[in-house]
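Here's a small set of exercises to work through with the model open in your viewer. Try each task before you read its solution.

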Amino acid sequence: MNTRIHVAVGVIYNSDKNKVLITKRTAKQHLAGLWEFPGGKVEDNEDVMSALRRELYEELGITVEEAKQLTTVSYNYPDKQVLLDVWEVNAWRGDVESKENQEIVWSLVNELNNYNFPDANKHIIQTLSLGQFYVISQPTYQDSSRFLSVVNDCYTAGLKLFQLRLEYRNEPDFSMLIKQISELSKRHNGKLILNGTPEDVNTYEIDGIHLNSKELKKHISRPISENYILGASCHNEEELILAEKLNVNYAFVSPILKTTSHPDKEEIGWEKFHTLKKKVKFPVYALGGLNPTDLEVAKLYDAFGIAMISAIWNSTESVSQLLSS
């Protein structure tokens, strides 16, 4: 018997799309006094979208007009197990009101960490920090000044996620590089992800970990807390399903097209990408031979965004031109 409580959750955006609505749980509720994204239990024989519309009308007096699934979160509290089915509500009508005497706040996404949320909701916050472009470092570098300059240009251009993936870790140079990139990310409200192992969150000042497919297969549950972003590299359905069991915030599927870095790997193409993406309910980036101009095509095949290496590091154009194209 499945005792996991299925909950429909709405991430409600304001008209300017720069703030989301959060509410404080009342004294009578589980985890009273904590903030959350509004929603409620999916009743028996009720589909998720119907539950979302019903709950948001009952709690806030609004009618959902347009919503898109963002992710799902399985979480075990000491006294209950929940499955959060999270939807971004981009269009709604009505005037928001506190119909259950709950406190209501409109918060900037990058200020959500100022509020005390249940652990399962922290996963949603981390997922909301993802951007449609994701840049990965070259595996090696010779000029650290140029390397940091490109990273800085990425963040300045509005990049939210940068992944440091190097073939070697030469301490203390490696630690210093992470410190420098971390400072850049904080300055621009971006995130620094390290391609490594879960233990790295205890060693370095980073915002999350990206697991390669080999490291992914070593785990049967999420290996780091919801306070960090967790990503994974996947190449087939088995790896994607495992990533979903680990409650990752996102995954890469690759290679979409032929790449200069891995010319021996066979491209999977957009149709295969779309087939794989439909197997899971969390953000998936397309990776491999892509440029920023491929974003619209990627979204047609249900990609959350695109991840890039060569398109950024080997380009003769400025990063700002690339990411604004």
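## Exercise 1: a crossover and its neighbours

Strand β8, helix α3 (residues 144-156) and strand β9 form a β-α-β unit that is right-handed. (Right-handed: with the strands pointing away from the viewer, the path from the first strand over the helix to the second runs clockwise; helices, H or I of at least four residues, and strands, E of at least two, are DSSP runs numbered from the N terminus.) A word on the ground rules: this is a predicted model, where local features need pLDDT of at least 70, side-chain atom pairs count only at pLDDT 80 or more, and totals for chains, interfaces and linings use all residues. Residues are numbered from 1 along each chain as its sequence is written, and side-chain values use heavy atoms, with hydrogens and water left out.

**Task.** Work out how β8 and β9 pair, then follow the chain on to β10.

**Solution.**
1. Start with β8 (residues 133-136): it pairs with β9 in the parallel sense over 3 bridges. Two strands count as paired if DSSP finds at least two bridges between them.
2. Pick a register point: V135 sits opposite F162 in β9.
3. On its other partner, F162 stands opposite L192 in β10. From β9 the chain crosses through α4 to β10, and this β-α-β crossover is right-handed.
4. Now check the second pairing: β9 (residues 161-164) and β10 (residues 191-195) run parallel, joined by 4 bridges. L161 faces K191 in β10.
5. Add the helix: α4 (residues 173-187) lies across β9 and β10, at about 150° to β10. Angles run from 0 to 180 degrees between N-to-C directions, with axes fitted to C-alpha atoms, for helices over the stretch in contact.

## Exercise 2: the barrel

**Task.** Which strands close into a barrel, and in what order?

**Solution.**
1. The order is β8-β9-β10-β11-β12-β13-β14-β15, so to speak a ring of 8 strands with parallel pairing.2. Neighbouring strands of this sheet are turned by 25° against each other on average, direction ignored.
3. Look at both faces of β9: L161 and Q163 on one side are buried, and F162 and L164 on the other are buried too. Buried means under 20% relative accessible area, exposed over 50% and partly exposed in between, with a 1.4 Å probe and protein chains only.

## Exercise 3: one side of a helix

**Task.** Which residues of α7 are buried, and what covers them?

**Solution.**
1. In α7 (residues 269-277), the buried residues are G269, W270, F273, L276 and K277.
2. They span an arc of only 135° around the axis, which puts them on the same side of α7. The arc is taken from the directions from the helix axis to the C-beta atoms.
3. The cover includes α6 (237-245), β13 (250-253), β14 (284-287) and α8 (295-300). Contact here means heavy atoms within 4.5 Å.

## Exercise 4: the open sheet

**Task.** How are the strands of the open sheet ordered, and which are the edges?

**Solution.**
1. The 4 strands run in the order β4-β1-β6-β5, with mixed pairing.
2. β4 (39-41) and β5 (63-76) are the edge strands, each pairing on one side only.
3. Zoom in on β1 (residues 5-12): it pairs with β4 in the antiparallel sense over 3 bridges. The bridge partner of V7 in β4 is K41.
4. Helix α2 (residues 119-128) packs on this sheet and touches β1, β5 and β6 (81-93), its direction making about 120° with that of β5.

## Exercise 5: cysteines

**Task.** How many disulfides does a search of the whole structure find?

**Solution.**
1. The count is 0, where a disulfide is a pair of cysteine sulfur atoms within 2.5 Å.
2. Check burial as well: C154 counts as buried at 1% relative accessibility, and C234 is buried with a relative accessible area of 1%.
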